[in-house]
Amino acid sequence: MKRDEIPPGTLSMLILKALSLHGSLHGFEMANFIQQSSEDVLQVEEGSLYPALQRMLIKGWVTAEWGVTDGNRRARYYKLTASGRKQLATELSQFQRVFGAINRIVQTA
Amino acid sequence: MSLNEALRRIQMLFQGNRFQQDLEEEMRLHRELREEEYIERGENPEVAHRTANQKFGNPTVLREKSYRAWGWNGLATVLQDLRYGMRSMMRSPALTLVALLSLALGIGANTAIFSFLDAVMLRSLPIKDPKQLVLLGEGLDSGQTDRYGSTDLYSYPFFRQLQQRNAVFSDVAAVLSMRNDVHGTVDGRDETELIHAQIVSGNYFATLGVQPVMGRMLNEADDSSEGDHPVVVISDTWWKRGLAGDPNVLNRKIKLGTTTFNIVGVAPAEFFGTKVGEKPDIWVPASMIQSVPPNWNYYKQNFSQSFLIVGRLKPGTTIKQATSNVDVLYHQIIRGFSDVDTSKRNMEHLDEAHVQLTSMATGISGLRQTFSEPLKILMAITALVLLIACANIANLLLARSTVRVREFAVRQALGAQRGRLVRQLLTESLLLATIGGMLGVAFAAFANRLLLRMISSGPDVIPLDVSINMRLLLFCMAITVLTALIFGCIPALRGTRIAITETLKDGRSTSNTNVRNPLGKSLIVLQVAISLVLMVGAILFIHSLANLNKVDTGFNREGVLRMEIDATVTNIKPSDPRMISMFREIEERVSTLPGVKAASFAAFFYHQGTWNNSIHVPGVPYNENIDVNHNVIGDGYFKTMQIPLLAGRSFGPQDTSTSQRVAIISESVAKNLFPAGVNPIGHHYYTPSEQPANDRVVIGIAKDVKLRNLNEEQQYIDYFPSTQSPWGFQHFAVRYDGDVTMIANAVQQTIHSINRTLPIGNITTLDKQVASSITNQRLVAQLSAFFGALAVFLSCIGIYGLMSYMVGRRTNEIGIRIAIGATRANVRWLVMREIVLLVAIGVAIGIPAAFAGNHIVGSMLFGLNGMDVASLLCAILALLGVAIVAGYLPAQRAARVDPMVALRYE
């Protein structure tokens, strides 16, 4: 199966979206979510989630807390903050505007 | 960046370790979970592990990326450099210690001297807009009170007229040129105490823009009518020290003479008046001048020139405009006084008079006149010492960086950029300099107190703020960075400029070019040259001091007790017969004490100022430009001071206030101011203020003495008996034999048995008084000797360090030489020759520099004309001597090299 890389700049949007849907996730769950929701089209270099998460922590879009997984292992769970929700809205609308524009160009026969 | 974000970044900085661990754990979990997933799907564990890792990406890169997300990357490298620098400093503790010590002394000395320079010369007065303030005249506090052309000191009526008539100042204030040190009583106490009083015009504080911390300052109303306003403002220091910071201070009173003053306000702590190095305890309005002993009547006299005048320029007014306005007014006011003396001589004087306006931004300072030159010289000396220290450290670092050549080559081969290595080395230098700088500040704080003590001639320390302040720290930081750059750059650039492959190939890591080390050698030459200059300077100053000490004062300075007695507390006028008889009684009773040989009052003993003017001697053309210094003395003066009388007699009981007025003249007055070939004894003369009818007859000739300073030209002096020129004496001297403390106690008891209330202070000896008049020269001599020695010491360390290093590097070569037949002496000479050559070149460069330096300090030297060849030779020999000692140890070590060991070396 051929997989595509995530377009640059959209990784944080995907993470924010995943968190907005599931409330609280650890890194592994986010990677799985992105892969499954995209029906295996999008491939993440899974580790690249972590620098992105650090950046988002700094920006204050997410908070992190240590918790325990179903398999009884220690994992760091991330949650959206209010400003993270705002950021998601901004990124989504920006993405849709750009995507729409590209789409219009491409569809022009 | 929002505030929260910044806070999170900072938090992160301090929790760096936890962050790393969290991230590690998080990423490990991720990989493990993925691995397990693959195994569950039936993959072989090894493949699962590999695939999981592959999918995850390079963890090191990710870790760094995450770390960078926090934005502390640059700082982290710096910290890393610092840690590395710290470790490499620890690896050579001896070198580090020497470097730190040199830096601490170098930077500390610079900071200490700068703090004095700042306090005495640079710092602005702590008042509102000091730049707008100007002083009329040049701030000289010795005026000419009997001439019209004085443009430094002014009368109080002159001040009032100028205040009303000028067009250029928003306000003008007057302050008495001298501080009155009087004895007063604080209410509720029995004892009188010494109080420094400053007499000022009522608007003094308003003009300066100084606000009270409590109560109010003086105002115009306090200065509106003479004698009616017994109020004072006190200094913060005196409030805390003299009144124990009494919160109720505004209800307290101070009695000076018969007048009781109310304290109306406290001045702010930082305000010390207008004169640097003089801090009044109280400020008294000029209207009360008569009640602040000693009984001056300056308030209404048009020609008692004793006030300094300060003006605040109106906004937009230039100094030039102000000068021309003041100049015009000066002539109008003086000529307009009703009692102006329009004699031709006075008018000629007046025509020539011009008022010069001087900026008051940094205040008036007698200290500045005394110490600005020595301070500048000392600043230059300490800067040179610092330069030597820098050269030293550069050399040591250079030697070390050459040892580290392989390390750098390896690192460069592994891809480290040269810029990065230079940065690493500079960080190390900066680290060294910063620690040195901090030690230096600590050293300066200590040295400042010592220096202040050294320049304060009396028992009280001069009130000068030389504490470490912001400006000083900035200065210190600046020189720290500068030194780091100076001594850090050369080794950093040199050490990293490497032909990598060659160095790596050459297992011995010592190519010959490095052994020759021309840079290190030039630094040694530079050090030697500077050391020579400093040493010559030190020897010259010491020589000059010795010359001063050898000066014949004309009196015997040994065995004389000195004290000051404030008779103004009795509130009796000096001319009152009761006062004259009290002085007489003190002199007589003290003279009969066991162990006392003689005792006398005098208007001036050595180094206490003078009162002078010209004299009219019949038979000799009058020359108003020749001043004779008058002294009013008790009958025992010559006996006490042991000043030989060359002819005639001394004063005695026969010289009373009603008998023929008499005088004793000094040898040079007799020789130069009296008609040649005529015996001055029996000859009459008079001063301008005495009428010819009231003239004096010369009854004796005394040997010439020094008056103000040891290095002054011969002064003309005459002496008047106290009965005929009453003087409110303060100065008392006792020639004694035996234990000074016992005599001092007995003298004080005797004085108090005559008048219990007389305050006695400043108890010292004539010898100490003479010594204190050359404080300045002694200070420069001692400090330059100290710094000269320091310079030589640092240079020796430099020579020793470089030579040891070179001997170490050349062990191999030396071994070969010995093996093929060189004697130990040959080897020793091989090393010594190098040292002697370097020192010789340094000396050759240093000699012309020393001549130039000598030229600059020439005016500060006494009894030395041109370059003192003996001093120069002395310095050269001393320098050669210590350099040879410093070089001998490595030479000796070279001579002891065992050829077998040396050849196996490396």
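Contact here means heavy atoms within 4.5 Å. With that cut-off in hand, the reader can start inside chain B of this predicted model, at helix α7 (residues 156–165). The helix is mostly covered, with 7 of its 10 residues buried. The buried positions are Y156(B), P157(B), F158(B), F159(B), R160(B), L162(B) and Q163(B). Together they pack against three strands of chain B, β1 (133–136), β2 (169–176) and β10 (307–313), and against helix α10.

Helix α10 also takes part in a salt bridge. R335(B) pairs with D351(B), and their closest N and O atoms are 2.9 Å apart. D351(B) belongs to helix α11 (residues 344–352) and R335(B) to helix α10 (residues 319–336), so the pair ties together parts of chain B that are 16 residues apart in sequence. R335(B) is partly exposed, at 37% relative accessibility.

A second salt bridge within chain B joins E813(B) and R810(B), at 3.0 Å from N to O. Its two members fall into separate classes of accessibility: E813(B) counts as partly exposed at 28%, while R810(B) counts as buried at 17%.

E587(B) is an acidic residue without such a partner. It sits in helix α19 (residues 577–591) of chain B. E587(B) is buried but has no salt bridge, and the nearest side chain of opposite charge, that of R584(B), is 5.1 Å away. A salt bridge requires a side-chain nitrogen of Lys or Arg within 4 Å of a carboxyl oxygen of Asp or Glu, so a separation of 5.1 Å does not qualify. Not counting residues up to four places away in sequence, E587(B) touches A599(B), S600(B), F601(B), G634(B), D635(B) and F732(B).

Q642(B) lies in the loop between α20 (637–641) and β16 (645–648) of chain B. At 36% relative accessibility, Q642(B) is partly exposed. Leaving aside neighbours within four places in sequence, Q642(B) is in contact with G554(B), F555(B), N556(B) and R735(B). For one of these, G554(B), the separation from Q642(B) is 88 residues in sequence and 8.5 Å in space, C-alpha to C-alpha.

The backbone of chain B has two positions to note. Most residues other than glycine have a negative phi. A244(B), however, has a positive phi near 50°. This residue is in the loop between α9 (236–242) and β7 (253–256) of chain B, and A244(B) is exposed, at 67% relative accessibility. N762(B) likewise has a positive phi near 50°. N762(B) lies in strand β22 (residues 760–765) of chain B and is partly exposed, at 40% relative accessibility.

The next topic is the interface between the chains. There, 24 residues of chain B are in contact with 27 residues of chain A. The size of an interface is often given as the accessible area lost when the parts come together. For chain B and chain A this buried area is about 2300 Å², and carbon and sulfur atoms give 55% of it. On the chain B side, E26(B), H30(B) and K55(B) supply 25% of the area that chain B buries against chain A, more than any other three residues.

Charged pairs also cross this interface. The search of the whole structure finds 37 salt bridges over all chains, and 7 salt bridges are counted between chain B and chain A. In one pair, the side chains of R73(A) and E32(B) meet at 2.6 Å, N to O. R73(A) lies in the loop between β4 (62–68) and β5 (74–80) of chain A and E32(B) in helix α2 (residues 16–40) of chain B, so this pair joins two chains. R73(A) is partly exposed, with a relative accessible area of 23%, and E32(B) is also partly exposed, with 30%. R76(A) and D22(B) form another salt bridge, at 3.6 Å from N to O. In addition, E46(A), R34(B), E37(B), R41(B) and K55(B) are linked in a network of salt bridges.

Chain A also carries a nonpolar patch on the surface. V98(A), I102(A), I105(A) and V106(A) make up this patch, with about 400 Å² of accessible area together. One of its members, I105(A), is in helix α4 (residues 82–107) of chain A. I105(A) is exposed, with a relative accessible area of 63%.

Notes. Residues numbered from 1 in each chain as written. Chains lettered and ligands numbered in written order. Predicted model: local features only at pLDDT ≥ 70, side-chain atom pairs only at ≥ 80, totals over all residues. Heavy atoms only, no water. Helix = DSSP H or I, 4+ residues; strand = E, 2+ residues; numbered from the N terminus. Buried < 20%, exposed > 50% of the residue type's maximum accessible area, 1.4 Å probe, protein only. Lys, Arg positive; Asp, Glu negative; His and termini not counted. Patch = residues over 30% accessible without salt bridge, like charges linked within 9 Å, V, L, I, M, F, W, Y side chains within 5 Å. Areas by Shrake-Rupley, 256 points an atom, 1.4 Å probe, with all protein chains shown as cover. Buried area = accessible area lost by both parts, 1.4 Å probe.
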